[in-house]
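Grab a pencil and work through these exercises on the structure below. Try each task yourself before you read its solution.

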Number of protein chains: 2
Amino acid sequence: MQPEDNLQVQDAGEAGVLEVIGRIVARPDPDVLVGIGDDAAVLLSRADRRLVATTDIQVEGVHFRSDLAGPGDVGWKALAVNLSDVAAVGGIPRHALVSLAVPPTLPLRWIEDFYRGLEELGTLFGVTVVGGNLATIPGPIVADVMVLGEVEADLFLRRTGARVGDRLVVTGVLGASAAALMAWERGVQGAGIERLLAVHRRPLPRVHEGRVAARSRWATAMIDLSDGLSTDLLRLCDANHLGVRLDGAAVPVDPALRDLAARLHLTSLDLALRGGEDYELLIAADPQHAEELAQRIQEEVGTPATVIGELVSPEEGCIVQREGRRLPLESLGWDHFRRSAAPGSRKRPS
Amino acid sequence: MQPEDNLQVQDAGEAGVLEVIGRIVARPDPDVLVGIGDDAAVLLSRADRRLVATTDIQVEGVHFRSDLAGPGDVGWKALAVNLSDVAAVGGIPRHALVSLAVPPTLPLRWIEDFYRGLEELGTLFGVTVVGGNLATIPGPIVADVMVLGEVEADLFLRRTGARVGDRLVVTGVLGASAAALMAWERGVQGAGIERLLAVHRRPLPRVHEGRVAARSRWATAMIDLSDGLSTDLLRLCDANHLGVRLDGAAVPVDPALRDLAARLHLTSLDLALRGGEDYELLIAADPQHAEELAQRIQEEVGTPATVIGELVSPEEGCIVQREGRRLPLESLGWDHFRRSAAPGSRKRPS
C-alpha cells in the first residue's frame, strides 16, 4: 500500500485530484487539439462526418450500489452506457467528458480506481477523455459522462424510420444483468452467478455491432436496451407509431438464466423482458435482409444476433407470443421517475 | 395556478417530465439532425471549424442554494458557466446536453422553470438543447450541462501561449457576484444589493468578448474567471510558467462594491481578488496591442475591458501592487476539494 492510499480528496485538493486523473487518462490522440486542463476541449472534426453527442448520469444508490460495484466498475459502466447510446445511432465514439461529484471525505483512491475502470473501457474502444469537471456533493456520488463521436453523413440510424413488416433483430443474449442483480439482492448463490455479476458490473457496449447494422443499410431504426426489452421495444413502437408481434420463444437469453430464473420464481423470458441494463442493440430491419443482417453481425463481430419479432400496424397492437398464447406486451422495465413501478417490475439497483 | 402546478416528478413519470421539457426546448435548428428523444444527438459539423466541448456540474448546496436562486436562475447559470468556458477558448457555443438528477418528490414545476431559465439564456446565444438525461437522486439536485461549440481552426486560444511582457486584459467589472453572496449571507441590506444579486444569479457569459479577442490575433492566452481573479490568474501563470505584476489600482470593480466592501470589512480589491463566479475573461495580449484590444472589446460589444497588469519572468514571482506596496499574490479563491480554504477566503455558496 502506498502512502497516498489513505488520502481523502479534501487532503489532496483539486490540483492533487487532477494530477491523479491526468496520470491515468493522458493518452495521446492526434484529434485532441486542446484537452484536459483548459477551459474547454478543442477537437478536430471531419468534413464528411456528423457529430454524435450523448450523456448519461449515474447516481450512487440509484444506478449503482457501492457494495456491489467497485469504483472501477462504476467508471467502466459510466462510460459504457454512453458508448451504448452512440452505438444505437450507428456511430463511432471518440471522446469523453467526465463530471464527477463526490463527498470531500471520499478516499482519493476511489477516484483513481474510477478513472482506471473508465480508461480500461476507453482504451478498448479508442475513446479519449478530453475534459471534465470535479465537484463536491453532500450526498451520493454522481458520475455524469458525455461522449462525442462521429458517424457518416448518410449512415446514421435513429429510433424512427421503421416500417410495417420490418423484422426485429437483437444482439447478444438478454437478462443476465437483471438476473445477476436480483440473485445478488436475494442472496441466491450458484454456479455462474459470478459471471452474470461481471456482465452486470462491466457491460460491453455494442459499438461494432451498431456499425455493422448502420453500414448494412438494411437497418431502418435502432435503439439500445437500457431499461429492459419490454420498455425499450415499446419505445421503439411508440416512436414509429407501430405495433409489434414479439416471438417470446425466439428471445435469446443467457444460458445461465434458465436454472437461475426458476430459483427466482420467474421465467427466463420474464427476466429478458423486465431486465434492463442489457445494453444490447434492438434493430428494425428490412424483412428481406433481417436474417442476413443477424448473420453478418455474428460473422463480422462474433456476437450472436437473433430475429425476435416483427413490426406490425398500430391497430394490431403490441403483443408477445409466449407458450402458445398472445399476451399484451407491457412495459415492465424501469421508469426513472415513476412513484410505483409497474407490477412485478424490478427496482433499479438502489 | 394550473392543475399540474402541484405535480411531483414521480407523479408525472419520465414521459411526463420529458413532455414538459420538450415543450420548452424544442426550437428549430437546422444543424440538429437527431435531437432530444433519441439515444444520441447527431449534429452537423463544419469542415473549416474545430469542435469545442466543455462540461460543468452544479450541485445544490455547493454551487447554488435554493433559498437564494430560483430554479430558473439555476438553469440559466448551469448553462452560463459552460458558455463562459467556450468563450474562454474563443469559441461559438452551439449545442447543449443537460443531465439533471432530482429527488422524486421535487415539484415538476421546478424542472419546468429550470429549463425555462436555461432556454432563456440559450436563446440569447443561439444555443440549442440537443440531448440530456434525467435521473432520480436521494440527495441534492445535480445539474450537469455539456456545451458543444465551434471555433475556426486557426483562431482558438488556450490557457498557454502567453509570453513575458504580455499585458493582462480583463473584461467587465469584478467582485459583484462574491459581494452579493457575502452581503446576502450576512444579512447586509442596501441600495444596489438586489442588482448585484441579479448578477450573481444570472451571470452573462462573455462569448462575444472572447470572439473579439480571438479574432484580433493579439491575444496569446485566455481563461475565464470562475474561481476568483487571484486563483484563476495564478492558474494562468502556472500554465505559462510565468510570474505576474498585477496593478491593484487598475482592477475594475463594480461601483456598488465601494460602499458595500467597507460594510463587509473588506476592500473592493479584496472582493475582486477572492471573488469568484465573475465569469469575466482574463486575456493575455501582445503588449503593443493590449490597450487597442481592450478598446476594441468596448467598441464592438459594449463591455468595458481593462489592462490590469503584465506577465513577467517566473523569477520575479507573482505579486500584486496595492496601496504603494508589492505583495505576494495568493490564491484566495475557491478550491473544490480543499478541506480548509485559504485564510480569509469565502466559502462557495454552500
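**Exercise 1.** Find the residue that stands opposite Leu246(B) in E12(B), then work out how the strands around it are joined.

*Solution.* Step 1: the residue facing Leu246(B) is Val320(B). This is a predicted model, where local features need pLDDT of at least 70, side-chain atom pairs count only at pLDDT 80 or more, and totals for chains, interfaces and linings use all residues. Residues are numbered from 1 along each chain as its sequence is written, chains are lettered from A and ligands numbered from 1 in the order in which they are written, and side-chain values use heavy atoms, with hydrogens and water left out.

Step 2: look at the strands (DSSP runs of type E, at least two residues, numbered from the N terminus). E9 (residues 243-247) and E12 (residues 318-322) of chain B run parallel, joined by four bridges; two strands pair if DSSP finds at least two bridges between them.

Step 3: move on to E13 (residues 325-328) of chain B, which runs antiparallel to E12(B), again with four bridges. Here Arg322(B) has Arg325(B) as its bridge partner.

Step 4: check the turn. E12(B) and E13(B) make a hairpin with two residues between them, and Glu323(B) in that turn has a positive phi of about 50°.

**Exercise 2.** Describe how chain A and chain B meet, starting with how many residues are in contact.

*Solution.* Step 1: 69 residues of chain A touch 70 residues of chain B, where contact means heavy atoms within 4.5 Å.

Step 2: the two chains bury about 5,900 Å² between them, 59% of it on carbon and sulfur atoms. Buried area is the accessible area (1.4 Å probe) that two parts lose on being put together, summed over both.

Step 3: count the salt bridges (a side-chain nitrogen of Lys or Arg within 4 Å of a carboxyl oxygen of Asp or Glu). There are four between the chains. One of them links Asp39(B) with Arg159(A), whose closest N and O atoms are 3.2 Å apart.

Step 4: see what supplies chain A's side. Strand E3 (residues 49-59) of chain A gives the largest share, 10 residues.

**Exercise 3.** Which strand of chain B pairs with strand E2 (residues 41-43) of chain A?

*Solution.* Step 1: the partner is strand E3 (residues 49-59) of chain B, in the antiparallel sense over three bridges. Step 2: pick out a facing pair, namely Ala41(A) opposite Ala53(B).
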